[in-house]
Amino acid sequence: TLDHIAVTTPPNKTAYKYGETFQPAGMVVTAYYTDETSRTVTGYTYSPTGALATGNTTITVSYAEGGVTKTDTQAITVTAISNTLNSNSWATIKAVSDAGQGANYWDVGDTKQITINGKVGNTNISNLAINVFIIGFNHNASREGSNRIHFKIGKISNTQVGLCDSEYGNYTSTSGAFTMNTSNTNSGGWANSHMRKTVLGSDASPTSPRANTLLAALPADLRAVMKPITKYSDNTGGGNNTASYVTSTTDYLPLLSEFEYHGARTYANSAEQNFQQQYAYYQAGNSKVHYKHNATGTAAYAWCRSVYAAHAHYFCLVNADGDAYDSAGANYSWAVAPGFAA
């Protein structure tokens, strides 16, 4: 009869991040019998089988034969989670997010420092230390995707900033400037904009980002955990407030919409709000004023991805005083402050 069992070869993986599940691959369990024989067995079970937490230090392995059940344990480690967001790796943050537990550890507004380094459009950004901050947990999950922590770029010394280039406040047709388009039109809306594709690279894979985009300039450990977001926007433009113009795109680094900032529609396509929610960070009353990343005492106009529905040339802005603003020709250069999800 069965006398006892033992894990005679440990599994390939014994170190886990919070939210991962135990992987038995490589583990060998041996059964020992009262007649001093033994054999390798495969019909064992183990627990826990669900998402691992920081309190889990062992896996209990059980095997039953002939009405007798025996157990053994396998030691594991699970990476601890800090309530200080900045103390966690991006891999740990993703694991917590995957488990839908972000709000149990961190708060809207919490920050984590990253370094932006690379050419963004025509602008070289060299080792810029900047904080990203949480703007919502599972924001608009039924449309945009569940188990996501939404962040925004960024803050410098607790000041909300937008990235600015040397053309800030000017008209320009130069490809790579921080403009929505290289000509004064909102035709094609957010989906086909110069900002989305050439400046941000929001439509590309984070693991294979387009060169000379903000996505490519983000740190690799962050890009490795970024999740796609289904965003709804006016993707036609052209000066008509037409509901069918609001369609979805898959984005990794989108600008916020007018409604996501303000929780109200002023100039955007009136149908956008049917598919969007205001981000919790701004719903809580936090300031919408952005400052220049390279002059943090100077308030800046910041782009939204929403077209101005009543005008064929404009996109929406957040004004330098934090209000919704409409007078933004598509080939003006203004501040850029996108979001992402992990």
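# A first look at this structure

Let's start with one residue: Trp90 is found in helix H1. This is a predicted model, and Trp90 makes a handy entry point, since several parts of the picture can be told from there. The protein chain has 342 residues, of which 49% count as buried. Its fold includes seven helices and 20 strands.

**The chain as a whole**

- Measuring along the principal axes, the C-alpha trace of the protein chain spans about 90 × 40 × 35 Å.
- Taking contacts in the protein chain with a separation of 6 or more, 60% involve residues 24 or more positions apart.
- The protein chain has an accessible surface of about 13600 Å², and carbon and sulfur atoms make up 41% of that.
- The protein chain carries 21 positive and 22 negative charges, and the mean positions of these two groups are 4 Å apart.

**Trp90 and its surroundings**

- Trp90 has a relative accessibility of 3%, and because buried means under 20%, Trp90 counts as buried.
- Setting aside neighbours within four places in sequence, Trp90 is in contact with Lys112, Ile114, Val132, Phe151, Asp221, Leu222, Val225, Phe340 and Ala342.
- Met226 is 136 residues away from Trp90 along the chain, yet 9.3 Å separates their C-alpha atoms.

**Helix H1**

- Besides Trp90, the buried residues in H1 are Thr92, Ile93, Ala95, Val96 and Ser97.
- An α-helix has 3.6 residues a turn, so residues three or four places apart point the same way.
- The buried residues of H1 pack against strands S9 (111-120), S10, S11 and S20 (339-341), and against helix H5 (220-223).
- After H1 comes Gly100, with a positive phi near 70°.

**Nonpolar cores**

- The largest nonpolar core holds 64 residues, and those touching the most other members are Trp90, Ile116, Phe151, Leu218 and Trp303.
- Strand S10 (residues 123-137) gives the most to this core, contributing seven residues.
- There is also a second, separate core of 17 residues, with Val41, Ile59, Val61 and Val78 among them.
- Phe151 touches Leu85, Trp90, Ile93, Val132, Phe133, Ile134, Ile135, Gly339, Phe340 and Ala342, when residues up to four places away in sequence are not counted.

**Aromatic pairs**

- In total, the structure holds 19 aromatic pairs.
- In one of them, the rings of Tyr16 and Phe22 have centres 6.2 Å apart and planes at 45°, so this pair is tilted.
- Tyr16 is buried, at a relative accessible area of 1%, and Phe22 counts as buried too, at 2% relative accessibility.
- Trp90 and Phe151 also form an aromatic pair, this one edge-to-face, with 5.3 Å from centre to centre and 70° between the planes.
- That pair links distant parts of the chain: Trp90 sits in helix H1 (residues 90-98) and Phe151 in strand S11 (residues 149-156), 61 residues apart.
- Both partners, Trp90 and Phe151, are buried.
- Elsewhere, ring pairs join Tyr168, Tyr171, Tyr301, Tyr325, Tyr332 and Trp334 into a cluster.

Methods. Residues are numbered from 1 along each chain as its sequence is written. This is a predicted model: local features need pLDDT of at least 70, side-chain atom pairs count only at pLDDT 80 or more; totals for chains, interfaces and linings use all residues. Side-chain values use heavy atoms; hydrogens and water are left out. Helices (H or I, at least four residues) and strands (E, at least two) are DSSP runs, numbered from the N terminus. Buried means under 20% relative accessible area, exposed over 50%, partly exposed in between (1.4 Å probe, protein chains only). Contact means heavy atoms within 4.5 Å. Accessible areas come from the Shrake-Rupley method with a 1.4 Å probe; for residues, only the protein chains shown count as cover. Lys and Arg count as positive and Asp and Glu as negative; His and the chain ends are not counted. The place of a charge is taken as NZ of Lys, CZ of Arg, CG of Asp or CD of Glu. A nonpolar core is a set of buried Ala, Val, Leu, Ile, Met, Phe, Trp, Tyr and Cys residues joined through side-chain atoms within 4.5 Å. Rings of Phe, Tyr and Trp (its six-membered ring) pair if their centres lie within 6.5 Å; planes under 30 degrees apart count as stacked, over 60 as edge-to-face and the rest as tilted.
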